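The following report goes through one protein chain, element by element. Secondary structure, burial and aromatic contacts are treated in turn.

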Amino acid sequence: MTTTKYPSLNRLLESIGSVFDAYSVVLFCRNPEGRFDLSASFSLGDSIRKDLCIDPGYGLVGWILKNNAPLAVEKFDEKNTFLGYYGSEQEEQIKVFVGCPLPGGMGALCMDSKKTYAFTSKDQRVLSLFAGVVAAIVDDVGAAGVSSREQALYGVMQQVHALREKHPRWSDFLNRYLALLAGACGYEYSFLVVSDEWGDNYLLEGSNKPFMPDNVAAKQTFSTGSGLLGWVFKKNRSVFFGDGKSELGRTPLFGRDVPSPALNTLLALPLKVHRRCRGVLVFGDRECRVIDEEIRAFARMAADYLALFLENLYLKNKVKQLAPPILAEFDEPSEPDNPDSHP
């Protein structure tokens, strides 16, 4: 079920629901009277109240609107806790709720689930990024709806979520992931570099198309003390270069003597895994192009998604390494061991 005051946002909320496996996702936006309208929603059911308008302080959503602060509820007390956008009979089935305010007091973006402990603190952090994107769309276009370009950008997130099941092999997943990102942004290149175990060197893990010249050996390593990408590893900070005028070509990406295409538009975002920068997701183009806020927001979401994905893999492998042999015997059946099945 969807609400259609902002029909162009329904697809984005549906994508959010798919990414987090949520039961419902709702968006409340401030109206001229200072109250908050249910402006868009997605739900697997049909119990969200239509034409709903709430005041700050009403229900869990109202708490977020009143305090302008995020909220997560993992244990529901049906007698004293209510969401504010369902009928009472539906709220008894909801187990988990999480929501974030939109910047500037514009409203709130919330989601729920019928599964106990369905959302993590990292999920809440990623949801806040979506809230920023939604606020930018609402602020820029209002009730007129979003452009086809914006719809394409955020529709990609739903496709990305489906890749994990369709392509369990790491190399297949990464190739299709990078191709989706490059196509959505319209940039010539999208690639991933990852560090070694000690963080002293890094290598090109994958790209949407051949990036390095033939005279550069496959899986060649580069020092984190050289090149612009090495700086991102060391400082754990993003780099954005694109004003449509300046040229980046003289700044080496991998090092002074390492040949690579001269990119004059660049977005390089660190991937933090277990408290360290373990990779850098890069978008680039040889043309001088302006990096607008839509592309910045999309790139950040894509990087956060991949970092979360790698963090989960890291923790899963760590648990397997630490588990006693007797427990390992009770692991669920997995695919045959394949060195290419995970990073």
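## Arg300 and its surroundings

Arg300 is a residue of helix H8 (residues 293-322). The model is a predicted one, in which local features need pLDDT of at least 70 and side-chain atom pairs count only at pLDDT 80 or more, while totals for chains, interfaces and linings use all residues. Residues are numbered from 1 along each chain as its sequence is written, and side-chain values use heavy atoms, with hydrogens and water left out. Helices (H or I, at least four residues) and strands (E, at least two) are DSSP runs, numbered from the N terminus.

With a relative accessible area of 35%, Arg300 is partly exposed; buried means under 20% relative accessible area, exposed over 50%, and partly exposed in between (1.4 Å probe, protein chains only). Apart from neighbours within four places in sequence, Arg300 is in contact with Phe240 and Leu269, where contact means heavy atoms within 4.5 Å. Between the C-alpha atoms of Arg300 and Leu267 the separation is 9.6 Å, and these two residues are 33 residues apart along the chain.

## The chain as a whole

The protein chain holds nine helices and 13 strands. It has 343 residues, of which 48% count as buried. Among contacts in the chain with a separation of 6 or more, 60% come from residues 24 or more positions apart.

## The six-stranded sheet

An open sheet is formed by six strands in the order E10-E9-E8-E13-E12-E11, with antiparallel pairing. Two strands pair if DSSP finds at least two bridges between them. Strand E10 (221-223) and strand E11 (239-241) are the edge strands, each pairing on one side only. On average, neighbouring strands of this sheet are turned by 25° against each other, direction ignored. Axes here are lines fitted to C-alpha atoms, for helices over the stretch in contact, and angles run from 0 to 180 degrees between N-to-C directions.

Within the sheet, strand E8 (residues 189-195) pairs with strand E9 (residues 201-207) in the antiparallel sense over five bridges. Val193 has Leu204 as its bridge partner in E9.

Two helices lie across strands of the sheet. Helix H6 (residues 170-185) crosses E8, E9 and strand E13 (276-285), at about 135° to E8. Helix H7 (residues 227-235) lies across E8, E9, E10, E11, strand E12 (265-273) and E13, and runs at about 140° to E13.

H6 has 16 residues and spans 22 Å from its first C-alpha to its last, close to the expected 22 Å at 1.5 Å a residue; the expected span is 1.5 Å times one less than the number of residues. Its buried residues are Trp170, Phe173, Leu174, Tyr177, Leu178, Leu181, Ala182, Ala184 and Cys185. They cover an arc of only 165° around the axis, which puts them on the same side of H6; the arc is that of the directions from the helix axis to the C-beta atoms. Gly186, just after H6, has a positive phi of about 80°.

## Strand E7 and its partners

All seven of the seven residues of strand E7 (residues 107-113) are buried. Gly107, Leu109, Met111 and Ser113 point one way from E7, and Ala108, Cys110 and Asp112 point the other way. E7 has antiparallel pairings with two strands, strand E2 (residues 24-30) and strand E6 (residues 96-101). The table lists both.

| Strand paired with E7 | Bridges | Bridge pair |
|---|---|---|
| E2 (residues 24-30) | six bridges | Phe28 and Ala108 |
| E6 (residues 96-101) | six bridges | Cys100 and Leu109 |

E6 and E7 form a hairpin with five residues between them, and Gly104 in the turn has a positive phi of about 75°.

## Aromatic pairs

A search of the whole structure finds 14 aromatic pairs. Rings of Phe, Tyr and Trp (its six-membered ring) pair if their centres lie within 6.5 Å; planes under 30 degrees apart count as stacked, over 60 as edge-to-face and the rest as tilted.

One of the pairs is Phe20 with Phe130, edge-to-face at 6.2 Å centre to centre and 75° between the planes. Phe20 lies in helix H1 (residues 7-20) and Phe130 in helix H4 (residues 121-141), so the pair ties together parts that are 110 residues apart in sequence. Phe20 and Phe130 are both buried.

Tyr202 and Phe222 form a tilted pair, with 5.8 Å centre to centre and 50° between the planes. Because Tyr202 lies in strand E9 and Phe222 in strand E10, this pair ties together parts that are 20 residues apart in sequence. Tyr202 is buried at a relative accessible area of 1%, and Phe222 counts as buried at 5% relative accessibility. Both belong to one aromatic cluster, formed by Tyr189, Phe191, Tyr202, Phe211, Phe222, Phe233 and Phe254.
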